[in-house]
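Reader: I should be grateful for a close look at one part of this model.

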Amino acid sequence: MSYDPYASGSDIPPEYGPAEPWPRHLAEIKSRVQAPAIALMVVGILNLLGVAWGFFNVVITTLTPANQFHQEMLDLYQAFPQLQAELNKMSPDELKNQAMFVSWGMVTLGLVIAVLTIAGGVCMLLLKNYALGICGAICAAIPCLSCGGCCLFGEIIGIWALVVLLSTEVRAAFQ
């Protein structure tokens with residue numbers, strides 16, 4: 001018999017036993033989550049190392065004078081005459097400002113992705129904040145945003161973490 005709170009004469013809800021706050025096999029679920037969570041944190045740390053390298057390069061480029069940067073770009077793309085023609089149309093200051101805008105944006109995006117990936121792995125390991133765990137797994141799985149994504153390392157780890165997180169038992173274990 002089911003309880004209908006809107007039916008006439010049903011003032012008192014039926015008695016229920018205490019709700020079980022955790023799934024039956026919490027230790028099993030923690031062991032299932034542990035390996036992909038640690039791997040997700042490793043991907044995040046590798047992403048942080050890639051961001052540190054990118055930050056170093058952007059700082060060096062920022063300190064380079066605009067005329068020297070313009071000449072370095074022309075030398076770098078000498079095999080592509082059409083690109084060189086486009087670079088020659090731009091002033092050295094304009095080219096450097098455009099490069100700095102894109103470079104600093106990529107470093108910032110990489111930092112956000114790395115922090116989200118590490119935080120998602122930590123939340124997954126502790127079985128806290130399910131949404132952040134999903135977000136971290138997705139960040140690791142997106143190619144070209146994750147440093148490991150280009151080598152399929154980040155993608156495989158991110159998809160593995162997503163598969164584990166989307167199982168009903170693991171979802172129920174998060175509080």
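Reader: Which residues line the second largest pocket, and which helices supply them? Please add what can be said of the loop between α4 and α5, and of helix α6.

Author: This is a predicted model, in which local features need pLDDT of at least 70 and side-chain atom pairs count only at pLDDT 80 or more, while totals for chains, interfaces and linings use all residues. Residues are numbered from 1 along each chain as its sequence is written, and side-chain values use heavy atoms, with hydrogens and water left out.

The second largest pocket has a volume of about 150 Å³. A pocket here is an open set of points on a 1 Å grid over the protein atoms alone, where a 1.4 Å probe fits, with protein on both sides within 12 Å along at least five of seven lines; lining residues have an atom within 4 Å of a point. The volume is the space filled by probe spheres set on the points, which are joined across faces, edges and corners. The lining consists of Val58, Thr61, Phe69, Met73, Gln98, Ala99, Met100, Val102 and Ser103. Helices α1 (26–63), α2 (66–76) and α4 each supply at least two of these residues, and α4 gives the largest share, 5 residues. Helices are DSSP runs (H or I, at least four residues), numbered from the N terminus. By class, the lining has 6 nonpolar, 3 polar and no charged residues; Ala, Val, Leu, Ile, Met, Phe, Trp, Tyr, Cys and Pro count as nonpolar, Asp, Glu, Lys and Arg as charged, and the others, Gly among them, as polar.

Helix α4 (92–126) is followed by the loop that holds Leu127. Most residues other than glycine have a negative phi. Leu127, however, has a positive phi near 55°, and Asn129, in the loop between α4 and α5, likewise has a positive phi near 55°. Leu127 is buried, at 1% relative accessible area, whereas Asn129 is partly exposed at 41%. Buried means under 20%, exposed over 50% and partly exposed in between (1.4 Å probe, protein chains only).

Helix α6 (residues 153–165) has 13 residues and reaches 18 Å from first to last C-alpha, close to the 18 Å expected; the expected span is 1.5 Å times one less than the number of residues. Its buried residues are Gly154, Glu155, Ile157, Gly158, Ala161, Leu162, Val164 and Leu165. Among the elements that cover them are α1, α4, α5 and α7, where contact means heavy atoms within 4.5 Å.

Conventions
Helix = DSSP H or I, 4+ residues; strand = E, 2+ residues; numbered from the N terminus.
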